[in-house]
Amino acid sequence: MYDAESMQLFGAVKAICDPDNLLNPGNIVEPAPLDADLRAVRPRQAVTAGLRFLHDDGQLANAVHRCTGVGKCVAPTTTGVMCPSFFATREEKDSTRGRTRVLQEALDGTLVRGLGDPAVAEALDLCLACKGCVSDCPTGVDMATYKSETLHQLHDVLGEKRPRSHALLGQLPRWAALAAPVAPVVNRTMRFAVVQRAVKALAGIDQRRSIPASRLRRCAVRWLGVDVSVRRCRTCGSGPTRSATTSSRAMRTQRSAGWRPAAWKLA
Ligand code: SF4
């Protein structure tokens, strides 16, 4: 903005007025080079994604690099939704930005084990897949979709064993359907603390959580012949909940029907 001679003059005046360089060091006088704080572009791992990522050239790596670190998701107050898990823990790793950063590092080689790195599972663990970030993030990060794709890569492509809680809770509509005809008996049995403890231990559920009562009426959506809760349920009004298991099953079913699954987030 200013020529070299002017900058020298600014420097000389500032040195007289601020000999210890306390005021705005490096801002106007002796500024850092323009590109000093830019993030270096690193090669990105091309993953053959199960979802289409229509607006990111079909690449998960491009999608996760939508996050520019603006930080709306970690703002102390919000007028929107996001990010409920960050508001609960206040940990950067549980924010949309933190999760995106971990995925970026997994796909640009900073994390040597890539998507299989434990840091990835830890970062995604508390994401509720509520899709709050889809509407609130100014750069259009859709962590629920990235989580679905990452879990698909981890368990279906890399072959990592699913945690017990995924296998059991991912099939909740099935267990609910099995329990529905004998719901009163199930509910009475569940009142015994020892049974509750055993069920939670078996399902990998934290002992502090309570188990909801079973209902006589089944509350699931059948779509393409598979229970996939991707639509609003007509009975309970609950929104889309795509668990790791159901999303993989949904993908398989769509493929067998001749479709190619698209990413839910399209903007
Ligand atoms: S989808 Fe996950 S990352 Fe996005 S707002 Fe919900 S909890 Fe946060």
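In this predicted model, helix H4 passes helix H5 in a left-handed crossing. The chain that holds this pair has twelve helices and two strands, and along the sequence its elements follow the pattern α-α-α-α-α-α-α-α-α-α-α-β-β-α. Of the 267 residues of the chain, 25% count as buried, and the points below set out where some buried and exposed positions lie, beginning with the helix pair and going on to the ligand shell.

**The H4 and H5 pair**

- Two packed helices are described by the angle between their axes and the distance between the axes.
- For H4 and H5, the latter covering residues 118–125, the axes come within 9 Å and cross at roughly 160°.
- Because angles over 145 degrees count as roughly antiparallel, H4 is described as roughly antiparallel to H5.
- Helix H4 also holds Arg 97, a residue that is buried, with 23 other C-beta atoms within 10 Å.
- The C-alpha atom of Arg 97 is separated by 8.3 Å from that of Val 70, although the two residues are 27 residues apart along the chain.

**The shell around the ligand**

- The ligand is surrounded by 15 residues, of which the closest are Cys 83, Cys 127, Gly 132, Cys 133 and Met 143.
- Two or more residues of this shell are given by each of helix H3 (84–89), helix H4 (96–107), helix H6 (132–136) and H7.
- Sorted by class, the shell comprises ten nonpolar, three polar and two charged residues.

**Helix H7**

- Helix H7, which runs over residues 143–157, has 15 residues and reaches 20 Å from its first C-alpha to its last, close to the 21 Å expected at 1.5 Å a residue.
- Twelve of the 15 residues of H7 are buried, so this helix is largely enclosed by the rest of the structure.
- The buried residues of H7 include Met 143, which is also listed among the closest residues to the ligand.
- Lys 147 and Glu 149 are likewise among the buried residues of H7, as are Tyr 146, His 152 and Leu 154.
- Just after H7, Gly 159 takes a positive phi of about 80°.

**Helix H1**

- Helix H1 is hardly covered, since the count of buried residues among its 14 residues is zero.
- At 1.5 Å a residue, the 14 residues of H1 should span 20 Å, and the end C-alpha atoms of H1 are 20 Å apart, which agrees.

**Positive phi in the loop between H1 and H2**

- Most residues other than glycine have a negative phi.
- Asn 21, although it is not a glycine, has a positive phi of about 55°, and its place is in the loop between helix H1 (4–17) and helix H2 (60–64).
- Asn 21 is exposed, with 12 other C-beta atoms within 10 Å.
- Phe 53, which is not a glycine either, has a positive phi of about 45°, and this residue is found in the loop between H1 and H2.
- Phe 53 counts as buried, with 24 C-beta neighbours inside 10 Å, whereas Asn 21 is exposed.

Terms used:
Residues numbered from 1 in each chain as written. Predicted model: local features only at pLDDT ≥ 70, side-chain atom pairs only at ≥ 80, totals over all residues. Helix = DSSP H or I, 4+ residues; strand = E, 2+ residues; numbered from the N terminus. Expected span 1.5 Å × (residues − 1). Buried ≥ 20, exposed ≤ 12 C-beta atoms within 10 Å, placed from the backbone. Near = placed C-beta within 6 Å. Nonpolar A, V, L, I, M, F, W, Y, C, P; charged D, E, K, R; others polar. Axes fitted to C-alpha atoms, helices over the stretch in contact; angles between N-to-C directions. Parallel < 35°, antiparallel > 145°, perpendicular 65-115°, else oblique. Left-handed = near helix turned anticlockwise from the far one by under 90°.
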